[in-house]
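Got the viewer open? Let's take a walk through this fold together, from the confidence values to the packing and then out to a few individual residues.

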Amino acid sequence: MTQLEREMAPALRARLVAIRKLLAQADLHEVQTRHRIGKVVAAVRDEKGKYGAGAVDQLATALHRDASTLYRYALVAALWSEREILRA
């Protein structure tokens, strides 16, 4: 516990704990979501004949995201299964 936390009113500290738990859950859901996006992006990337050249770039533009971010998601999905992500 940090000095700031020790100085907090007990009721506020309880709220801090609740928020930390929610953030931890959000992080897990965010990781799962990015992994799932990565699987979709990898499929699009790997099937140029079906989706056309530059398909990932088109997705990135439409999603208001950077293409390199989508490619990183795809890399993570290729390196780890969703089950492995959940165990981490």
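What follows is a tour of the model, starting with how far the predictor trusts it.

First things first: this is a predicted model. The chain has a mean pLDDT of 90, and 100% of its residues reach 70 or more. If you colour by confidence, look for the low end in helix H6, residues 82-87, where the mean is 85. The high end is helix H5, residues 67-79, with a mean of 96.

Now for the packing. Which residues make up the largest nonpolar core? There are 10 of them: Val 41, Ala 42, Val 44, Ala 55, Val 56, Ala 60, Ala 67, Leu 70, Tyr 73 and Ala 74. The elements contributing two or more residues each are helix H2 (10-46), helix H4 (55-63) and H5. Of these, H5 puts in the most, namely 4 residues. As background, nonpolar side chains in soluble globular proteins tend to be buried together.

Let's take the helix pairs one by one, beginning with H2 and H4. Their axes come within 8 Å and cross at roughly 140 degrees. Parallel, antiparallel, perpendicular or oblique? Angles over 145 degrees would count as roughly antiparallel, so this crossing puts H2 and H4 oblique to each other. On the H2 side the contact is made by Val 41, Val 44 and Arg 45, and on the H4 side by Ala 55, Val 56 and Leu 59. Sorted by class, that is 5 nonpolar residues, no polar ones and 1 charged.

Val 56 is a good residue to click on here. Setting aside residues up to four places away in sequence, Val 56 touches Val 41, Val 44 and Arg 45, and also Leu 70 and Tyr 71.

Next up is H2 against H5. How do these two helices cross? The axes come within 7 Å, at an angle of roughly 100 degrees, which makes H2 roughly perpendicular to H5. From H2, the residues involved are Arg 34, His 35, Ile 37, Gly 38, Lys 39, Val 41, Ala 42 and Arg 45. They meet Leu 70, Tyr 71, Tyr 73, Ala 74, Val 76 and Ala 77 of H5. The class count for this contact is 9 nonpolar, 2 polar and 3 charged residues.

One of the H2 residues in that contact is Arg 34. With a relative accessibility of 37%, Arg 34 counts as partly exposed. For a sense of distance along the model, Arg 34 and Ala 11 are 23 residues apart along the chain, and their C-alpha atoms are separated by 35 Å.

On the H5 side, zoom in on Leu 70. Is Leu 70 buried or exposed? Its relative accessible area is 3%, so Leu 70 is buried. Beyond its neighbours within four places in sequence, Leu 70 is in contact with Ile 37, Val 41, Val 56, Leu 59, Ala 60 and Leu 63. By way of scale, Leu 70 and Glu 7 are 63 residues apart in sequence and 42 Å apart in space, C-alpha to C-alpha.

Now for the loops. His 64 sits in the loop between H4 and H5, and its backbone deserves a look. Most residues other than glycine have a negative phi. The phi of His 64, however, is near 60 degrees, a positive value in a residue other than glycine. His 64 also counts as exposed, because its relative accessibility is 71%.

Farther along, Trp 80 is in the loop between H5 and H6. How exposed is Trp 80? At 42% relative accessibility, it counts as partly exposed. Leaving out residues up to four places away in sequence, Trp 80 touches His 35 and Ile 85. Trp 80 and Ala 53 are 27 residues apart in sequence, with 26 Å between their C-alpha atoms.

Finally, swing back to helix H1, residues 3-7, where you'll find Leu 4. Leu 4 has a relative accessibility of 57% and therefore counts as exposed. Measuring up your view is easy with one more pair: Leu 4 and Leu 28 are 24 residues apart in sequence and 27 Å apart in space, C-alpha to C-alpha.

Conventions:
Residues are numbered from 1 along each chain as its sequence is written. This is a predicted model: local features need pLDDT of at least 70, side-chain atom pairs count only at pLDDT 80 or more; totals for chains, interfaces and linings use all residues. Side-chain values use heavy atoms; hydrogens and water are left out. pLDDT is the predictor's confidence in each residue, from 0 to 100. A nonpolar core is a set of buried Ala, Val, Leu, Ile, Met, Phe, Trp, Tyr and Cys residues joined through side-chain atoms within 4.5 Å. Buried means under 20% relative accessible area, exposed over 50%, partly exposed in between (1.4 Å probe, protein chains only). Contact means heavy atoms within 4.5 Å. Axes are lines fitted to C-alpha atoms, for helices over the stretch in contact, and angles run from 0 to 180 degrees between N-to-C directions. Angles under 35 degrees count as roughly parallel, over 145 as roughly antiparallel, 65 to 115 as roughly perpendicular and the rest as oblique. Ala, Val, Leu, Ile, Met, Phe, Trp, Tyr, Cys and Pro count as nonpolar, Asp, Glu, Lys and Arg as charged, and the others, Gly among them, as polar.
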